[in-house]
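The report that follows concerns packing and charge pairing in a single protein chain. Please read it alongside the sequence and the model.

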Amino acid sequence: MGIDIGSTATKVVVLQDGYELIQQAIVPFGAGTSGADQALKKLSDLLANDNISLDQITYTVATGYGRQLFSGADKQISELSCHAKAIHHIYPNVHTVIDIGGQDVKVLHLSKNGQLDNFIMNEKCAAGTGRFLDVMAGVLETTTDNLASLDRLSSSPVEISSTCTVFAESEVISYLSYKQPIENIVAGIHNSVAKRTAGLTRRLGIVEDVAMSGGVAKNGGVVRALEQELSTHINVSQNSQLMGAIGAAIYAYEKSK
Ligand code: ADP
């Protein structure tokens with residue numbers, strides 16, 4: 001089992017024989033809000049449908065921001081290593097990984113054999129992270145999972161010039177008061193996240209192929225904007241938010257042998 005206790009969400013997966021993902025659970029609670037307990041409860045209920053109990057798990061690796069707070073793991077491994085592990089497993093030709101989570105952005109370089117060569121992280125600031133998008137969705141009276149479909153409707157994205165969440169929020173409110181269509185504001189927000197993330201990615205360097213991991217990769221609008229900004233295709237798994245947990249579970253399988 002791999003459990004990724006993030007700042008915003010906790011993700012847990014169970015792999016059988018190191019490759020078959022037999023069950024998964026995501027709860028919108030992170031390290032500070034007993035996310036691990038809630039994710040394990042959800043997982044345990046799902047496994048019960050297949051007559052499997054948590055006692056049958058042979059080895060558990062915990063990763064993520066809250067991994068040190070979780071006592072139920074056999075080992076703790078950093079989220080950088082776990083994301084690298086899962087991405088290399090799924091996309092062996094990927095050398096640059098952009099991971100946008102709830103509270104930070106990381107860019108990783110992987111070597112040919114999937115080793116973590118180098119990485120860069122944004123400063124501890126909400127701008128350009130999942131938290132930023134969650135706040136903006138709230139201001140627009142929509143939900144984060146609705147942003148991608150609004151982005152697809154946009155014909156003329158607005159310009160968001162502030163990089164700070166607080167000032168960007170004022171800009172968004174001002175666009176709303178001028179009756180800008182919500183889809184153009186959403187696309188403008190995605191473009192601003194992409195600009196910021198692309199800047200960080202270029203500082204480390206872009207070595208193709210490129211992949212995105214983390215919960216924000218579920219937002220097709222951010223992926224669209226980032227592909228435009230970097231002029232490259234970005235590989236995104238439908239399990240992007242589970243990458244840390246999957247990497248942890250692969251490590252768990254390797255350690256259990
Ligand atoms: P962390 O590991 O820091 O908790 P995650 O990688 O789990 O972060 O990402 C959490 C973020 O993912 C949320 O803040 C939210 O913005 C984004 N997210 C989660 N689900 C979706 C979704 N269905 N569509 C768009 N964004 C999503």
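Contact, as the word is used here, means heavy atoms within 4.5 Å, and helices (H or I, at least four residues) and strands (E, at least two) are DSSP runs, numbered from the N terminus. This is a predicted model, in which local features need pLDDT of at least 70 and side-chain atom pairs count only at pLDDT 80 or more, while totals for chains, interfaces and linings use all residues. Residues are numbered from 1 along each chain as its sequence is written, and side-chain values use heavy atoms, with hydrogens and water left out.

**Helix α7 and its surroundings**

A residue is called buried under 20% relative accessible area, exposed over 50%, and partly exposed in between (1.4 Å probe, protein chains only). In helix α7, which spans residues 220-230, the buried residues are Gly221, Val222, Val223, Ala225, Leu226 and Leu230. Their cover includes β6 (96-100), α3 (130-139), α4 (147-152), α6 (182-204), β9 (210-213) and β10 (234-236). The N-terminal end of α7 is capped by Asn219, a side-chain oxygen of which lies 2.8 Å from the backbone nitrogen of Gly221. Just after the helix, Ser231 adopts a positive phi of about 50°. Gly199, which belongs to helix α6, is partly exposed with a relative accessible area of 29%, and its C-alpha lies 9.5 Å from that of Glu229, although the two are 30 residues apart in sequence.

**Nonpolar cores and a surface patch**

A nonpolar core is a set of buried Ala, Val, Leu, Ile, Met, Phe, Trp, Tyr and Cys residues joined through side-chain atoms within 4.5 Å. The largest such core has 35 residues, and those with the most contacts inside it are Ile98, Leu133, Val172, Ile189, Met212 and Leu226. Two or more residues each come from β6, β7 (105-110), α3, α4, α5 (165-177), α6, β9 and α7, with α6 giving the most, at 8 residues. Leaving aside neighbours within four places in sequence, Leu133 is in contact with Thr144, Leu147, Ile189, His190, Val193, Val216, Asn219 and Val222. A second, separate core of 18 residues includes Val13, Leu80, Ala86 and Ala249.

**Salt bridges**

The structure holds 9 salt bridges, each being a side-chain nitrogen of Lys or Arg within 4 Å of a carboxyl oxygen of Asp or Glu. Three of them are listed here by the distance between their closest N and O atoms.

| Basic residue | Acidic residue | Closest N to O distance |
|---|---|---|
| Arg67 | Glu79 | 3.0 Å |
| Lys106 | Glu79 | 3.6 Å |
| Lys106 | Asp99 | 3.8 Å |

Arg67 lies in the loop between β4 (61-63) and β5 (75-76) and Glu79 in helix α2 (residues 79-90), so this pair ties together parts that are 12 residues apart in sequence. The pair of Lys106, in strand β7, and Glu79, in helix α2, links distant parts of the chain, 27 residues apart. Relative accessible area is 17% for Arg67, which is buried, and 15% for Glu79, likewise buried. Lys106 also counts as buried, at 6% relative accessibility, as does Asp99, with a relative accessible area of 5%. A network of salt bridges links Arg67, Glu79, Asp99, Asp104 and Lys106.

Conventions. Polar contact = N/O pair within 3.5 Å; in protein donor to acceptor, adjacent residues only side chain to side chain.
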